[in-house]
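Work through the exercises below with the sequence and the structure in view. Each one sets a task and then solves it step by step.

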Amino acid sequence: MMIALYLSIEDALSRRRWTYADSPADLIVLILMDSSEDIALSHIPDTDGGNDVVKCRCIVIVNKQGGRIMTTLYTREQVCSVCGTEVSAVSISSTNTFGSMDLDTRPAQMKRGTMKYWVYRCPACGYVADNLAKPIPVPEDFLESEQYLSFGDHESLSELGRTFMQQGRIASCAGNNSDAMHAYIHAAWCADDASDEYWSKQARLLALEEMGKQGYLTDESILALKADLLRKTEQFEELITEYKSKTFSDDLISKIITFQLLKATEQDTKTYTVEEVLAESGS
Ligand SMILES: [Zn+2]
């Protein structure tokens, strides 16, 4: 259960410590009121939301035991570097994770619920970036190109999924292969959430392509990520051939790769967490 409290900034500042031990709520959303910003409650992660729009400066989510801050959001204006439009964007100033991440680095909650604040779209020109004030790294007419706009016959991807895909397309076109890889992986997570098998696979294939452009991989954590991308795109033989005789200096990565090889032989494309690898390896 979650409840929301609406407070003036003055009221919030006058309290030195938040204690809600007697509250029936598991989580409490403090909405610090301000006169200048609008935030829809549906933008608060992990709440049922609703369509209420409140004026506020920031939102703090605390648990009732110790008033511990879990995720803090605030709004900021971003002036689009392409067309000059002012975009009001909700951003994260702090968050936490509780639980184990997935093998493709997808974080557990609460951070998992903040993905929609990782990237923004200018409603006027369609530019997509983690900060729209950043100069666009490609010629501006790229935003009108087929390469940027088209999703072919598969229109199913969610708005957030498309936004991450387009962030990847800009980064790829600019030659920022690592940024493109991460953006495509984020798009894949959006597709996973929507049970969209086509884009779950396509976005991961694109991530692998960007990884390949980075040359010979030596970073063990990137190699572990690659193994998960190969397995989830059903490239089981490739995974086994590439990894069966590889050794790793990091003990956890060695266990992850052993696990990936086992799952590849079973042709298993499911999502697993690091915790599940440790449980399987008896750690
Ligand atoms: Zn713009």
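**Exercise 1.** Decide how helix 6 and helix 8 are oriented relative to each other in this predicted model.

Solution. Begin with the geometry: helix 6, residues 220–232, packs with helix 8, residues 251–265, at an angle of about 15 degrees, and their axes are 10 Å apart. Angles under 35 degrees count as roughly parallel, and therefore helix 6 and helix 8 are roughly parallel to each other. As for handedness, the crossing in which helix 6 passes helix 8 is left-handed.

**Exercise 2.** Find which residues make the contact between helix 6 and helix 8, and sort them by character.

Solution. From helix 6 come Glu220, Ser221, Ala224, Ala227, Asp228 and Arg231, while helix 8 supplies Ile253, Ile256, Ile257, Gln260, Lys263 and Ala264. Sorting the residues of this contact gives 6 nonpolar, 2 polar and 4 charged.

**Exercise 3.** Check the length of helix 5 against the span expected at 1.5 Å a residue, and then describe its buried residues.

Solution. Helix 5 covers residues 197–212, and its 16 residues should span 22 Å at 1.5 Å a residue; the end C-alpha atoms are 23 Å apart, which agrees. The buried residues of helix 5 are Trp199, Ser200, Gln202, Ala203, Arg204, Leu206, Ala207, Leu208, Glu210 and Met211. Their cover includes helix 3 (159–173), helix 4 (177–193) and helix 6.

**Exercise 4.** State how many helices and strands the protein chain has, and what share of its residues count as buried.

Solution. The protein chain has 9 helices and 9 strands, and 30% of its 283 residues count as buried.

Terms used: Residues are numbered from 1 along each chain as its sequence is written. This is a predicted model: local features need pLDDT of at least 70, side-chain atom pairs count only at pLDDT 80 or more; totals for chains, interfaces and linings use all residues. Axes are lines fitted to C-alpha atoms, for helices over the stretch in contact, and angles run from 0 to 180 degrees between N-to-C directions. Helices (H or I, at least four residues) and strands (E, at least two) are DSSP runs, numbered from the N terminus. Angles under 35 degrees count as roughly parallel, over 145 as roughly antiparallel, 65 to 115 as roughly perpendicular and the rest as oblique. A crossing is left-handed if the near helix is turned anticlockwise from the far one by less than a right angle, and right-handed if clockwise. Two residues are in contact if their C-beta atoms, placed from the backbone, lie within 7 Å. Ala, Val, Leu, Ile, Met, Phe, Trp, Tyr, Cys and Pro count as nonpolar, Asp, Glu, Lys and Arg as charged, and the others, Gly among them, as polar. The expected span of a helix is 1.5 Å times one less than its number of residues. A residue is buried if 20 or more other C-beta atoms lie within 10 Å of its own, exposed if 12 or fewer, and partly exposed in between; C-beta atoms are placed from the backbone.
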